Amino acid sequence: MVDVSKGLVKIRNRHAVKSLGDYTAMFFIREDGNIIINIDLPDFYLAAGKDTVISIKSYLPEMKADYEYLADIRFSLNVAKPWAEKGHEIAAAQFALTDIPNIKNPHVKYPLLSMEEDDANYILSGNDFRLTINKSHGI
(Lines give C-alpha, C1' and ligand atoms only; values in the text may rest on other atoms or scores of the structure.)
Protein backbone atom coordinates (compact mmCIF):
# COMPACT_ATOMS: atom_id res chain seq x y z
CA MET A 1 0.00 0.00 0.00
CA VAL A 2 1.31 3.41 -0.87
CA ASP A 3 -1.32 5.68 0.71
CA VAL A 4 -4.52 4.37 2.31
CA SER A 5 -6.15 7.80 2.55
CA LYS A 6 -5.75 8.31 -1.22
CA GLY A 7 -6.53 4.69 -2.12
CA LEU A 8 -3.20 4.10 -3.85
CA VAL A 9 -1.63 0.64 -4.09
CA LYS A 10 1.77 -0.27 -5.51
CA ILE A 11 1.91 -3.37 -7.73
CA ARG A 12 5.34 -4.87 -8.38
CA ASN A 13 5.98 -7.57 -10.98
CA ARG A 14 8.68 -9.78 -9.47
CA HIS A 15 8.99 -11.98 -12.56
CA ALA A 16 12.36 -11.84 -14.30
CA VAL A 17 10.99 -12.11 -17.86
CA LYS A 18 7.18 -12.36 -17.75
CA SER A 19 4.52 -9.65 -17.97
CA LEU A 20 1.48 -9.72 -15.68
CA GLY A 21 -0.68 -10.08 -18.81
CA ASP A 22 -1.10 -13.83 -18.19
CA TYR A 23 -2.95 -13.24 -14.94
CA THR A 24 -6.36 -12.11 -13.80
CA ALA A 25 -6.19 -9.56 -10.99
CA MET A 26 -8.97 -9.74 -8.39
CA PHE A 27 -9.72 -7.29 -5.62
CA PHE A 28 -11.62 -8.04 -2.40
CA ILE A 29 -12.60 -5.92 0.57
CA ARG A 30 -13.46 -7.53 3.88
CA GLU A 31 -15.51 -5.90 6.63
CA ASP A 32 -14.84 -7.67 9.92
CA GLY A 33 -13.69 -10.72 7.94
CA ASN A 34 -16.69 -10.91 5.58
CA ILE A 35 -16.13 -10.22 1.88
CA ILE A 36 -18.28 -7.23 0.90
CA ILE A 37 -16.62 -6.35 -2.43
CA ASN A 38 -15.29 -8.83 -4.99
CA ILE A 39 -14.29 -7.49 -8.41
CA ASP A 40 -11.95 -8.30 -11.27
CA LEU A 41 -9.48 -5.50 -11.88
CA PRO A 42 -8.64 -4.37 -15.41
CA ASP A 43 -5.92 -6.39 -17.14
CA PHE A 44 -2.33 -5.60 -16.16
CA TYR A 45 0.42 -5.68 -18.76
CA LEU A 46 3.15 -4.71 -16.35
CA ALA A 47 6.60 -5.67 -17.66
CA ALA A 48 8.90 -7.97 -15.72
CA GLY A 49 10.76 -6.25 -12.90
CA LYS A 50 8.62 -3.10 -13.08
CA ASP A 51 6.12 -1.59 -10.69
CA THR A 52 3.20 0.78 -10.91
CA VAL A 53 0.75 2.52 -8.61
CA ILE A 54 -2.98 1.99 -9.10
CA SER A 55 -5.95 3.71 -7.51
CA ILE A 56 -8.51 1.58 -5.68
CA LYS A 57 -10.37 4.60 -4.33
CA SER A 58 -13.40 4.06 -6.58
CA TYR A 59 -13.84 0.55 -5.12
CA LEU A 60 -13.67 1.57 -1.46
CA PRO A 61 -16.94 1.44 0.51
CA GLU A 62 -18.11 3.90 3.11
CA MET A 63 -16.25 2.58 6.12
CA LYS A 64 -18.16 2.31 9.38
CA ALA A 65 -16.63 3.17 12.73
CA ASP A 66 -15.50 0.23 14.90
CA TYR A 67 -15.20 -2.15 11.94
CA GLU A 68 -12.00 -3.60 10.53
CA TYR A 69 -11.52 -3.27 6.77
CA LEU A 70 -8.94 -5.32 4.88
CA ALA A 71 -8.21 -5.39 1.15
CA ASP A 72 -6.87 -8.38 -0.80
CA ILE A 73 -5.36 -8.35 -4.26
CA ARG A 74 -4.92 -11.74 -5.90
CA PHE A 75 -3.43 -12.76 -9.22
CA SER A 76 -4.47 -16.04 -10.83
CA LEU A 77 -3.83 -17.76 -14.15
CA ASN A 78 -6.17 -16.57 -16.89
CA VAL A 79 -5.52 -19.72 -18.98
CA ALA A 80 -4.77 -23.30 -17.99
CA LYS A 81 -1.14 -24.42 -17.94
CA PRO A 82 0.21 -28.00 -17.95
CA TRP A 83 0.93 -27.65 -14.24
CA ALA A 84 -2.22 -25.76 -13.09
CA GLU A 85 -5.79 -25.05 -14.08
CA LYS A 86 -7.18 -21.68 -15.10
CA GLY A 87 -7.85 -19.68 -11.93
CA HIS A 88 -4.89 -21.13 -10.00
CA GLU A 89 -3.67 -18.43 -7.61
CA ILE A 90 -0.11 -17.25 -8.26
CA ALA A 91 0.25 -14.30 -5.88
CA ALA A 92 -1.76 -12.54 -3.20
CA ALA A 93 -1.38 -9.68 -0.77
CA GLN A 94 -3.58 -8.35 2.02
CA PHE A 95 -3.37 -4.94 3.65
CA ALA A 96 -5.32 -3.00 6.23
CA LEU A 97 -7.55 -0.14 5.16
CA THR A 98 -8.32 0.83 8.77
CA ASP A 99 -6.73 0.54 12.16
CA ILE A 100 -7.72 -2.32 14.44
CA PRO A 101 -11.16 -1.43 15.84
CA ASN A 102 -12.21 -1.35 19.46
CA ILE A 103 -13.52 -4.67 20.75
CA LYS A 104 -17.31 -4.55 20.42
CA ASN A 105 -18.17 -6.72 23.43
CA PRO A 106 -15.18 -7.73 25.53
CA HIS A 107 -17.34 -9.44 28.15
CA VAL A 108 -18.81 -12.21 26.01
CA LYS A 109 -18.79 -15.51 27.86
CA TYR A 110 -17.93 -18.51 25.76
CA PRO A 111 -18.86 -22.09 26.66
CA LEU A 112 -16.21 -24.05 28.46
CA LEU A 113 -14.07 -26.55 26.58
CA SER A 114 -12.51 -29.62 28.03
CA MET A 115 -9.47 -31.53 26.87
CA GLU A 116 -8.58 -35.09 27.68
CA GLU A 117 -5.67 -37.19 26.62
CA ASP A 118 -5.13 -40.91 26.40
CA ASP A 119 -2.27 -42.97 24.98
CA ALA A 120 -3.42 -42.53 21.36
CA ASN A 121 -5.56 -39.37 21.22
CA TYR A 122 -6.25 -35.82 22.28
CA ILE A 123 -9.97 -35.28 22.86
CA LEU A 124 -11.45 -31.78 22.80
CA SER A 125 -15.13 -31.41 23.67
CA GLY A 126 -17.70 -28.72 24.30
CA ASN A 127 -21.47 -28.32 24.63
CA ASP A 128 -22.37 -29.86 21.29
CA PHE A 129 -19.21 -31.36 19.84
CA ARG A 130 -16.38 -33.78 20.43
CA LEU A 131 -13.14 -33.72 18.42
CA THR A 132 -10.63 -36.56 18.57
CA ILE A 133 -7.12 -36.02 17.21
CA ASN A 134 -4.98 -39.09 16.83
CA LYS A 135 -1.44 -38.47 18.06
CA SER A 136 0.04 -40.46 15.18
CA HIS A 137 -2.22 -39.62 12.22
CA GLY A 138 -3.98 -36.35 13.06
CA ILE A 139 -7.75 -36.04 12.73
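Which residue of β6 stands opposite Ile 73? Select Ile 73 and look across to β6: the residue there is Ala 93.

Before going further, note that this is a predicted model, in which local features need pLDDT of at least 70, side-chain atom pairs count only at pLDDT 80 or more, and totals for chains, interfaces and linings use all residues. Residues are numbered from 1 along each chain as its sequence is written, and side-chain values use heavy atoms, with hydrogens and water left out.

**Stop 1: the four-stranded sheet**

Select strand β5, residues 69–77, together with β6. The two run antiparallel and are joined by 7 bridges. Strands here are DSSP runs of E with at least two residues, and helices are runs of H or I with at least four residues, numbered from the N terminus. Two strands count as paired if DSSP finds at least two bridges between them.

Now add β3 and β2 to the selection; with β5 and β6 they make an open sheet of 4 strands, in the order β3-β2-β5-β6, with antiparallel pairing. At the edges are β3 (34–40) and β6 (89–96), each of which pairs on one side only. From one strand to the next the twist averages 20 degrees; axes are lines fitted to C-alpha atoms (for helices, over the stretch in contact), and angles run from 0 to 180 degrees between N-to-C directions. Strands of a sheet pair through backbone hydrogen bonds, either parallel or antiparallel.

**Stop 2: salt bridges on the sheet**

Keep the sheet in view and show the side chains of Arg 30 and Asp 72, which form a salt bridge with the closest N and O atoms 3.4 Å apart. This pair links distant parts of the chain, since Arg 30 is in strand β2 and Asp 72 in strand β5, 42 residues apart. A salt bridge is a side-chain nitrogen of Lys or Arg within 4 Å of a carboxyl oxygen of Asp or Glu. By this rule the count comes to 7 salt bridges.

Are Arg 30 and Asp 72 buried or exposed? Arg 30 is buried, with a relative accessible area of 19%, and Asp 72 is buried at 3%. The classes are buried under 20% relative accessible area, exposed over 50% and partly exposed in between (1.4 Å probe, protein chains only). Extend the selection to Arg 74 and Glu 89: with Arg 30 and Asp 72 they are linked in a network of salt bridges.

Next, select Lys 64 and Glu 31, a salt bridge whose closest N and O atoms are 3.5 Å apart. Lys 64 lies in the loop between β4 (51–55) and β5, and Glu 31 in strand β2, so the pair ties together parts that are 33 residues apart in sequence. In space, the C-alpha atoms of Lys 64 and Glu 31 are 9.1 Å apart. Lys 64 is partly exposed at 45%, whereas Glu 31 is buried at 14%.

**Stop 3: the loop between β1 and β2**

Where is Asn 13? Look in the loop between β1 (8–12) and β2 (23–31). Asn 13 counts as buried, at 2% relative accessibility. Its side chain makes two polar contacts to show as dashed lines: one reaches the backbone oxygen of Lys 18 at 2.8 Å, and the other runs to the backbone oxygen of Ala 47 at 3.3 Å. A polar contact is a pair of N or O atoms within 3.5 Å; within protein, one must be able to donate a hydrogen and the other to accept it, and residues adjacent in sequence count only if both atoms are side-chain atoms.

Stay on Lys 18 and display its side chain, which meets that of Asp 22 in a salt bridge (3.0 Å, N to O). Lys 18 is partly exposed, with a relative accessible area of 28%, and Asp 22 is also partly exposed, at 28%.

**Stop 4: the β8–β9 hairpin and the nonpolar patch**

Move to strand β8, residues 121–126, which is joined to β9 by 6 antiparallel bridges. The hairpin connects β8 to β9 through 2 residues. Across this pair, Leu 124 stands opposite Leu 131 in β9. Leu 131 is partly exposed, with a relative accessible area of 31%.

Finally, show the surface of Leu 113, Met 115, Tyr 122, Phe 129, Leu 131, Ile 133 and Ile 139, which make a nonpolar patch of about 700 Å². Patches are made of residues with over 30% relative accessible area and no salt bridge, joining like charges within 9 Å and nonpolar side chains (Val, Leu, Ile, Met, Phe, Trp, Tyr) within 5 Å. Accessible areas come from the Shrake-Rupley method with a 1.4 Å probe, and for residues only the protein chains shown count as cover. Which strand gives the most to the nonpolar patch? Strand β9 (residues 129–134) does, with 3 residues.
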